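Here's a quick look at how one protein packs its inside, and where it leaves room. Pull up the structure and follow along.

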Amino acid sequence: MAHQSMPMTDLARYILIAGGYGTGKTRGDIEDRIKSALITPNGRTLLGAPTMPQLNSTLKNDLEEIFPLDFVRKQYIQQNTFDLVNGHEVLYRSFDDPVKFKSLNLSHATILEASDSPYSAFEQLKTRLRNRAATLQKRDKNGDPVFEFDKEGVPRPVLEADWRKITLETNPGPGWIKDEVLLKSNKIHFFYPEETFTDYYQIRSEVDLNISSYIVPTKANIYLPPNYEEEQSAGKPEWWVQRYFKGSFSYATGLVYPT
C-alpha cells in the first residue's frame with residue numbers, strides 16, 4: 001500500500017510513521033528492515049521498543065516468521081541477536097536503559113512504540129548511526145576514492161550514496177515525538193487529510209531536512225475487515241477515536257489543542 005511503500009523509498013535519515021490501529025506500520029517496517037539488511041553486507045540493525053515484551057509480541061515475532069531462513073547464518077537466543085550470511089547483524093533491544101546500546105555502530109534502527117520510548121533512546125541511536133556499511137564512497141574516473149577537505153584541512157570521504165536510517169513507529173502521542181520529530185519534519189505526508197489536522201504549527205528555523213513524517217489513519221489499510229473501524233470505535237470518546245483511528249496528534253492526550 002502507498003503509505004507503506006512511500007517511507008521505504010524516502011531518502012530522509014529519520015522517518016516517523018504515526019497512525020491508527022491496523023494501518024500496517026509494523027509490517028511496513030519489517031519489509032524495509034529485511035530489504036536494508038540484505039543489501040547492506042556487514043551492517044548492523046537495531047530493533048528496539050520500550051520493553052522486550054512489547055518487542056517480542058509484535059515486531060520480533062513477525063520478522064522471524066517471514067525472514068528468509070536461507071539468508072540466516074546463526075541465531076543467538078540469549079543475546080537477542082542473529083547474523084546473516086552477508087555479515088549483517090540484527091539486534092533486539094529494549095529502551096529501559098539506553099546505556100545498553102551506547103557502544104553500538106549501527107547502519108539502521110527501528111523504534112517501536114516511539115511515543116512511549118524515552119527521547120534519550122532516540123538521541124543515543126542518532127549518535128550510533130555511523131556504520132559505513134550503509135554508504136558508498138564516490139570514486140573518480142580512475143576508480144580511486146574521492147575526498148574533500150574540511151576547514152581544518154582534514155580529508156573527508158565524499159559519498160555517492162548513503163542509506164543509513166532510523167524509523168520511528170508509533171500511535172500519535174504527546175511529548176518529544178511531536179515536538180522533536182513531527183513538528184521539525186521537512187515533509188509531513190498526510191493520507192486522507194480531511195480526517196487529520198494538517199495545520200500543525202512549525203517554526204521554519206527548526207525544520208530539519210533529515211526528517212520526514214507520515215500520518216496514516218486506519219482507513220488507509222484497505223485490507224481490514226469491513227466495518228472494522230466502526231466496530232472498534234463504538235462507544236469510545238471522540239479524542240480516543242481521533243488519536244487511535246484518525247492518527248491525530250491534536251487529540252494526543254485526550255484534549256483538543258488550539259491551533
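What follows covers the nonpolar cores first, then the empty spaces. Keep in mind that this is a predicted model.

**The cores**

Let's start with the packing. The largest nonpolar core has 27 residues, and the members touching the most others are Leu 46, Ile 111, Phe 122, Leu 125, Ile 166, Leu 168 and Ile 177. Several elements each put at least two residues into this core: on the strand side these are strand 1 (14-19), strand 6 (108-111), strand 11 (165-170) and strand 13 (208-216), and on the helix side helix 4 (119-128) and helix 5 (176-181).

Leu 125 is a handy residue to click on. Setting aside neighbours within four places in sequence, Leu 125 is in contact with Leu 46, Ile 111 and Ile 166, and also with Phe 95, Phe 101, Leu 106 and Ala 109. Apart from the largest core there's another one, of 15 residues, including Ile 34, Ala 49, Val 90 and Tyr 92. As background, nonpolar side chains in soluble globular proteins tend to be buried together.

**The spaces**

Now for the gaps. The structure holds two cavities of 30 Å³ or more, and the table sets them beside the second largest pocket.

| Space | Volume | Lining by class |
|---|---|---|
| Second largest pocket | about 200 Å³ | five nonpolar, three polar, eight charged residues |
| Largest cavity | about 100 Å³ | five nonpolar, six polar, four charged residues |
| Second largest cavity | about 40 Å³ | seven nonpolar, one polar, one charged residues |

Which residues lie nearest the centre of the second largest pocket? Out of 16 lining residues, they are Met 8, Asp 10, Lys 35, Trp 163 and Lys 165. Helix 1 (2-9) and helix 2 (25-38) are the elements giving two or more residues to this pocket's lining, with helix 2 giving the most, at four residues.

The largest cavity is lined by 15 residues, and Gln 4, Pro 7, Ile 17, Gly 28 and Asp 29 sit closest to its centre. Helix 1, strand 1, helix 2 and strand 11 each give two or more residues to that lining.

For the second largest cavity, the lining consists of Arg 33, Ile 34, Ala 37, Thr 45, Leu 47, Leu 63, Phe 67, Phe 82 and Val 90. Helix 2 and strand 2 (44-49) are the elements that give two or more residues here, and helix 2 gives the most, with three. Two names may look familiar: Ile 34 and Val 90 line this cavity, and Ile 34 and Val 90 are also among the members of the 15-residue core.

Key. Residues are numbered from 1 along each chain as its sequence is written. This is a predicted model: local features need pLDDT of at least 70, side-chain atom pairs count only at pLDDT 80 or more; totals for chains, interfaces and linings use all residues. Side-chain values use heavy atoms; hydrogens and water are left out. A nonpolar core is a set of buried Ala, Val, Leu, Ile, Met, Phe, Trp, Tyr and Cys residues joined through side-chain atoms within 4.5 Å. Buried means under 20% relative accessible area, exposed over 50%, partly exposed in between (1.4 Å probe, protein chains only). Contact means heavy atoms within 4.5 Å. On a 1 Å grid over the protein atoms alone, a cavity is a set of points where a 1.4 Å probe fits but cannot get out, and a pocket is an open set with protein on both sides within 12 Å along at least five of seven lines; lining residues have an atom within 4 Å of a point. Grid points are joined across faces, edges and corners, and a volume is the space filled by probe spheres set on the points. Ala, Val, Leu, Ile, Met, Phe, Trp, Tyr, Cys and Pro count as nonpolar, Asp, Glu, Lys and Arg as charged, and the others, Gly among them, as polar.
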